[in-house]
Amino acid sequence: MNEELQPAVTALKERFDARAEEFRGQTTLFLPSDQIVEACQTLHDDFGFDFLEVETAVDYWPKQNPRFHIVYQLYSIQKQLRIGLRVPISGQTPSLPSLTGLYANANWREREIWDMFGIHFEGHPDLRRILMPHDWEGHPLRKDYPLGYEEVQFSFNAEEIDQDKPYAKE
Amino acid sequence: MLDQREVSFNELRHLVSERAIEGETMLLNMGPQHPSTHGVLRLLLELDSEIVVNCFPDIGFLHTGIEKNMEVKSYEKAAVMTDRLDYLNNLGNNLVYCMAIEKLAELDVPPRAQAIRVILTELQRIASHLVWLGTHTLDLAAISVFWYTFREREMIIDINEMVSGQRMMTTFFRPGGLWRDVPVEFEDAVRQFISIFPKRIKEYEGMLSENPLFLERTKDIGILTSEDAINWGVTGPSLRAIGVPHDLRKIEPYSGYEQYEFDVPTHTDGDTYARYLVRMEEMRQALRIVQQALDNLPYGPVRSSNRKFVPPPRSELGTSMEAVIHHFKLWTEGFDMPEGSVYVAAESPRGVLGVFLESDGGPNPYRVHWRTPSFDNLQVLPVLAKGHLVADLVALIGTTDFVLGDIDR
């Protein structure tokens, strides 16, 4: 682990139920969802992690508990350090506190997670769909959301497939 | 039709001020099809006469589901989609995606491949800045600059075509190196560009830097403080124009950037003119890097010889059974990746471009997330635009230099 990162990791382990993991030289801290805002506040105020670089989610369906991981990458412009955070949350009514009070750009990033994964952010000022149309049903990046595809037409089944195509027929 | 409008206004009702609901200010829709929004971006503007009170970007018109699509393709096939994200920085996207795979798989990249990657991404950076300069000044009603910048961009695009056969969607960088070595004419073409381009930058600066009309339109427009910029996640030239020398090529050098001498141009004003100066200087620095990389271009292989990830050359297939097996396996199923997740970032012309890559041990990426610089740089537009005239909003859209394909993914 990067030596400069050590104080932040130690402090978080002491104050919160954090567990550190190291992979390919990158440090990731696992945190429970109710502590994420305080933990980020600590990192922001005491250790200078003032830049939210990434906020996204990973879906581990069909596992239900925890089905999702919310992934954060915080960066310190001053110290040029990067730390990863992960928050496992359950698949039933997935919800966690919003970081918008701390990092302004969490606004759109959390809207994107809501849009793509259907994860609710408590305290978000404007939680609407961002990339998909406002009346879209479902959350496309979930693993149980099918990737639509077109069946290939061969000469033996061309007409059969053609019948199911949505375009107008004579 | 009426229903549709009702829905969209009610949806946005909580965002606009009280005055808009009482009808004192005007709500105006700009885009999604508007020449100065640089793609399909819709802006909902709340205007008090000509002054922007509020501005709400509405994105997603170019959403192509690339992150979802990549999950069902093998790692190497998914690389094709990375070009389509930021279509002015295709090679930069290839690079960061390959870097993520190389980090996760602990795959080596030969020095020649590294140097060619640097040359091509720096040329791409110049090409991207040239598009920015042309369209930005076009928005400010200086039409002729556009023709000059696109003339030089064409030279870079021709180099892309020479090495990869494609003008823009090259997919030239592959995990472990390059698709193939560059042709012999490559060096001459790049040297010709290096000899011509410094004069051309002077030409652009002669047209703009002291042009009173340009100064009037850009000085003191859209000033951002460094605290705000960092809080909003702004990166790239916009951040460097406020005096924060944040450039990943210097901070955490990748692809051998530590070997090259270059400066990170910064400015302190943080306005549209400062961003213009920073980008102009960046083009010069990019050229410096290209020159150095070309002068010290090492010889050798351009792809790793790790056969578990990189297909063998065609010549081996006739003599080695093992090569046939590797060839077959890599082109049908792809390679299995170690389980785990990495985050890799690089400096694109627009800022920090990152890839979060998670693998479940199979041949397809389990999750790919793109941290795209345009996404955050556009998000700050309402902050920049507040209190400016609509005409200045056009200048601000230009100076932000976002690419909608990068935002909507």
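**Chains A and B: a walk through the predicted model**

Let me begin with chain A, where, among the contacts between residues at least 6 apart in sequence, 51% join residues at least 24 apart. I should say at once that what we are looking at is a predicted model, and everything I describe should be heard with that in mind.

Staying with chain A, its secondary structure amounts to 4 helices and 7 strands, and these follow one another along the sequence in the pattern α-β-β-α-β-β-β-β-α-β-α. The radius of gyration is 21 Å, which is well over the 15 Å that the globule rule gives for 170 residues, so chain A is more spread out than a compact globule. The C-alpha trace spans about 70 × 35 × 30 Å along the principal axes, and 36% of the 170 residues in the chain are buried.

There is one backbone detail in chain A to point out, namely the peptide bond from Trp61(A) to Pro62(A), which is cis, with omega near 10°. Pro62(A) sits in the loop that connects E3 and E4 of chain A, and those two strands come back when we reach the interface.

Turning to chain B, we find 19 helices and 8 strands. Here the radius of gyration is 23 Å, close to the 22 Å given by the globule rule for 409 residues, and chain B is therefore as compact as a globular protein of that length. Its C-alpha atoms fill a box of roughly 80 × 50 × 35 Å, again taken along the principal axes. Buried residues account for 50% of the 409 residues in chain B, and of the contacts in this chain between residues at least 6 apart in sequence, 68% join residues at least 24 apart.

Within chain B I would like to spend a moment on helix H8, which covers residues 185-208, has 24 residues and reaches 34 Å from its first C-alpha to its last, close to the 34 Å expected at 1.5 Å a residue. The helix nevertheless has a kink of about 35° at Phe197(B), shortly before the proline Pro198(B). Phe197(B) is also buried, as are Val190(B) and Leu208(B) in the helix. Which elements do the buried residues of H8(B) pack against? They pack against H6, helix H7 (143-164), H9 and helix H13 (272-295) of chain B.

Two residues of chain B have a positive phi without being glycine, and their surroundings can be set side by side. Asp220(B), with a phi of about 60°, is placed in the loop between helix H9 (212-218) and helix H10 (226-231). Arg409(B), with phi near 50°, is in the segment after helix H19 (404-408). Are these residues buried or partly exposed? Asp220(B) has 14 other C-beta atoms within 10 Å and is partly exposed, whereas Arg409(B), with 25 C-beta neighbours inside 10 Å, counts as buried, because the cut-off for that class is 20 or more.

Another arginine of chain B, Arg42(B), belongs to strand E2 (residues 42-48) and is partly exposed, with 17 other C-beta atoms within 10 Å. Leaving aside neighbours within four places in sequence, Arg42(B) is in contact with Asn29(B), Gly31(B), Pro32(B), Asp58(B) and Phe61(B). Its C-alpha atom is separated by 32 Å from that of Pro265(B), which lies 223 residues away along the chain.

Now to the nonpolar core. The largest one has 145 residues, and those with the most contacts inside it are Leu74(A), Val96(B), Ala100(B), Ile119(B) and Val355(B). Helix H6 of chain B, residues 111-139, gives the most to this core, with 13 residues. Val96(B), to take one of the well-connected members, is in contact with Val344(B), Ala346(B), Leu353(B) and Val355(B), once its neighbours within four places in sequence are left aside.

Finally, the contact between the two chains takes 29 residues from chain A and 32 residues from chain B. On the side of chain A that touches chain B, strand E3 (51-59), strand E4 (68-76) and helix H3 (106-117) each supply at least two residues, and the largest share, 6 residues, comes from E3(A). By character, the residues of that side divide into 16 nonpolar, 8 polar and 5 charged.

Terms used. Residues numbered from 1 in each chain as written. Chains lettered and ligands numbered in written order. Predicted model: local features only at pLDDT ≥ 70, side-chain atom pairs only at ≥ 80, totals over all residues. Contact = placed C-beta atoms within 7 Å. Nonpolar A, V, L, I, M, F, W, Y, C, P; charged D, E, K, R; others polar. Core = buried A, V, L, I, M, F, W, Y, C linked by C-beta atoms within 7 Å. Buried ≥ 20, exposed ≤ 12 C-beta atoms within 10 Å, placed from the backbone. Rg over C-alpha atoms; globule rule 2.2 N^0.38 Å. Expected span 1.5 Å × (residues − 1). Bend = angle between axes of the 7 residues up to and from the residue.
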